[in-house]
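Q: Please take a close look at one part of this structure, and then follow what lies around it. I would like a connected account rather than a list.

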Amino acid sequence: MTTMATIPRAKALAWAAMAVVAIVAPYVVDDYQVFQLARLTTTAMAVASLVLLTGWSGQVSAGHGAFFGVGAYAAAILIVKAGLPWPVAVVLATLVSFLAGLLAGLPALRIRGISLALITLVLAVLLPPLVVRFDGLTGGSTGMPLPPVRTPAGIQLSGAQFFYLVTLAVLAAVLVLLATVCRGRTGRSLAALRDQPVMAATAGVPTAKLSLLVFGASGAIAGLGGALNALAIQSVVPDSYTFTVSLALLTGAVVGGIRSWAGALIGAVFVVYLPQVISDSVGDSLASHWTQVVYAVLLLLVLYLAPQGLAGLGTRLAAVRIPGARLTSTTPRRQS
Amino acid sequence: MTITRRSALASLLSVTLVGALVGACGRTDETANASSSGEIVVGGSFPMSGPYAPISAVSKGAAAYFAKVNAEGGINGRKIKYEAYDDGYDPGRAAANIRRGVDQDKAQAFLTFGVPGEVVRPYLNQNKVFNVAYSGSTQMSQVDQFPYSHAWWPDLTAETGVIAQYVGKEFPAAKVGVLTLNNDLADAAAAGFKAGGVTPAVSLKVPPSQQDNTAQVAQLKAAGVDVLYLALGAPQMVPTLKYMAQIGYRPKTFVYSITINHTSLLDPLTPAISKGLNAALWLDDPADPRWANDPGIQAYKKDIATYGEGASADDMLALNGFAGAAALVSAMKAAKTQDADGYNTAWNALKDVPAPGLIGGTLNAGPGGRLVYRYQVVEFDGSSWQNRGPVQDAVQSGLIK
């Protein structure tokens, strides 16, 4: 048992409670809510990929919706055109997204900050017209319908329940993997890359290789989320992967907490549920005027009151109110 | 006190076991919402926020018609409960809305719009929910693949085909240009011009998010295009036409009929620019004084005033939604059973059924599971649309097969 293998009890209990709620939820809510949960888990993967890339390695991506879309389209093409079973298609789509991430990471070897953000934004802007251009493969502007994921014989679950539990298991595996990798030596290397890249190189951190690998891994995770999201929605269409999706994912990561895995979940809630909650709250007749205003005001409030994201706010409150809940950090952090 | 990684893993496994046990309470997939009594639930998913928010007038028009039907006693004594949700023109949110409507509200029919509506078609058909789509996409004519999905808007191929035939006849030497969105509007426009026997000299496509089309306008002008077809989104139409006027470029311009609206298009343009615009209409323009004394339009305006809950009666999109809902109600009233199969059979058998504001007067089921095929080519004289030639039937003229 090492110090690095320990987790503060309060935090562990919070994760365990979340896991119980997430596993029990599909049995107590209807299939519509289960479908929303599947959107949440798949979106959380994309937000988590941004937490890894931007929060941990300091490389800003404003175009992560492109990887989400690449994963979705790769899976759809492999299922619809190549006739592959969906699990195989999802694995291959993740690999395709990894390669896309590596390619997109090449500029990161030379530039950082706002310039890198703009270049990644270009990827997001380019994807929809590119998809339309190759309409024979992608279905063009109207996209492709995907067959529903069927529950295997012998399991008494609806298709929505089964697929949500699959996405939940994948999300849990992704988060555990990310948390494990980012703890210890790799985590310290990423923190060094983020805070002092020159010093990191001097200290022997292979910054170029690490930058590329993180971009690739981040693209793979976003693509994995996109592939599963497309299977949940049962279609791919260019309008689902416009640059506004990238901005929504980045917003979710910042609101949730750009260096927090729990923040990825909170960010996904922000992306998936908030627009609907606002629309439902203000009513149809006012939605066109007030939805964006309410969204912007909430975003400003969160950024003002919780600059480290809602997860950071929760951690601070827990540290104040729960004796013994003081959190340990295994990586050096520069609070900004 | 701390928890080790091993004990955390054990906890996770325990939780998974609990989940598996709870799995005994799982359920299986159900299909087909139908009821023989009580309310008839109709769902809707439209962009009520974001750049496409003006389309929400369609939903308001439909809601007004359903409210009018309820006030008049409903369908065989059963009231219609209309539940519409905002999708912000996001296919993901539309997919969620459909599940909310089908799984939670138990909708028996669903109204959809545009590309997000095409995305959700498979789910609606798997669950046997009758679907009326406000879409001009040719894809929405695939009733062989999606038998429960029918488009209320006519096929845009027919609209551009009618325009192409008119242009070919009236301006045989014209150099024709096309500027469309880079989605299915472009495909339908290309197919329509081909069917109408006209080959555009220049065809340009722009993304829906692009507001500045000055480069495309300059390209069309430089190419000498003197007949132009514009199928852009409503937010792009005004700046594009204004820029054309600013640089003194005045080709014979035809605009996509769905974007025609006094409030959002003709009034902002002012008569100096809007005069001379052309279109192929399949629905009356309720703001046009030409139809002010039309009994159908008068009744529509009275109903919108009573049941519209703030909808503008002059908004052509509100009339569009109102008339589409009227078509659905006609099928519901004629249906032998109040389910998707009943509605489907009735919709496919509609013949000479009157609909409010429809050019050509009546609905008739035809190719592609659609009901509307007649167009009137018109030209705006600064205050009113004037007919140019007779009403054209796209089926009879061979544009739709």
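A: Two strands count as paired if DSSP finds at least two bridges between them. With that in hand, the part to look at is the sheet of chain B, in what is a predicted model.

Five strands of chain B make up this sheet, which is open, and their order across it is 3-2-4-5-6. The pairing is parallel. Strand 3 and strand 6 (149-151) of chain B lie at the edges, each pairing on one side only. From one strand to the next, the twist averages 20°.

Take the strand 3 edge to begin with. Strand 2 (residues 40-46) of chain B is joined to strand 3 of chain B by seven bridges, and the two run parallel. Within strand 3 of chain B, B:Glu83 is the residue that stands opposite B:Gly43. Although strand 3 of chain B is an edge strand, five of the seven residues in strand 3 (residues 80-86) of chain B are buried, so the strand is mostly covered.

Further across the sheet, strand 4 (residues 109-113) of chain B and strand 5 (residues 130-134) of chain B also run parallel, with five bridges between them. Here B:Leu111 has B:Val132, in strand 5 of chain B, as its bridge partner.

The loops on either side of strand 3 give two contrasting residues. B:Asn76 sits in the loop between helix 2 (56-71) and strand 3 of chain B. The phi of B:Asn76 is positive, near 50°, in a residue other than glycine. B:Asn76 has 10 other C-beta atoms within 10 Å and is therefore exposed, the cut-off for exposed being 12 or fewer.

B:Tyr89 belongs to the loop between strand 3 and helix 3 (91-104) of chain B. B:Tyr89 is buried, because 24 other C-beta atoms lie within 10 Å and the cut-off for buried is 20 or more. Apart from neighbours within four places in sequence, the contacts of B:Tyr89 are B:Pro47, B:Gly50, B:Tyr52, B:Gly114 and B:Pro116, together with A:Asp239 from chain A. B:Val115 is 26 residues from B:Tyr89 in sequence, and their C-alpha atoms are 8.1 Å apart in space.

Chain A, which supplies A:Asp239 to that set of contacts, has 14 helices and three strands. Of its 336 residues, 52% are buried.

Beyond strand 6, the chain B sequence goes on to a helix pair. Helix 6 (residues 156-170) of chain B packs against helix 7 (residues 184-195) of chain B at an angle of about 40°, and their axes are 7 Å apart. The two helices are therefore oblique to each other, and helix 6 of chain B passes helix 7 of chain B in a right-handed crossing. On helix 6 of chain B, the residues in contact include B:Leu156, B:Gly161 and B:Ala164, and on helix 7 of chain B they include B:Leu185, B:Gly192 and B:Phe193. By type, the residues of this contact are nine nonpolar, four polar and one charged.

One more loop residue bears comparison with B:Asn76. B:Thr270, in the loop between helix 10 (262-269) and helix 11 (271-274) of chain B, also has a positive phi, of about 70°, although it is not a glycine. B:Thr270 is exposed, with 12 other C-beta atoms within 10 Å.

Definitions and conventions
Residues are numbered from 1 along each chain as its sequence is written. Chains are lettered from A and ligands numbered from 1 in the order in which they are written. This is a predicted model: local features need pLDDT of at least 70, side-chain atom pairs count only at pLDDT 80 or more; totals for chains, interfaces and linings use all residues. Axes are lines fitted to C-alpha atoms, for helices over the stretch in contact, and angles run from 0 to 180 degrees between N-to-C directions. Helices (H or I, at least four residues) and strands (E, at least two) are DSSP runs, numbered from the N terminus. Angles under 35 degrees count as roughly parallel, over 145 as roughly antiparallel, 65 to 115 as roughly perpendicular and the rest as oblique. A crossing is left-handed if the near helix is turned anticlockwise from the far one by less than a right angle, and right-handed if clockwise. Two residues are in contact if their C-beta atoms, placed from the backbone, lie within 7 Å. Ala, Val, Leu, Ile, Met, Phe, Trp, Tyr, Cys and Pro count as nonpolar, Asp, Glu, Lys and Arg as charged, and the others, Gly among them, as polar.
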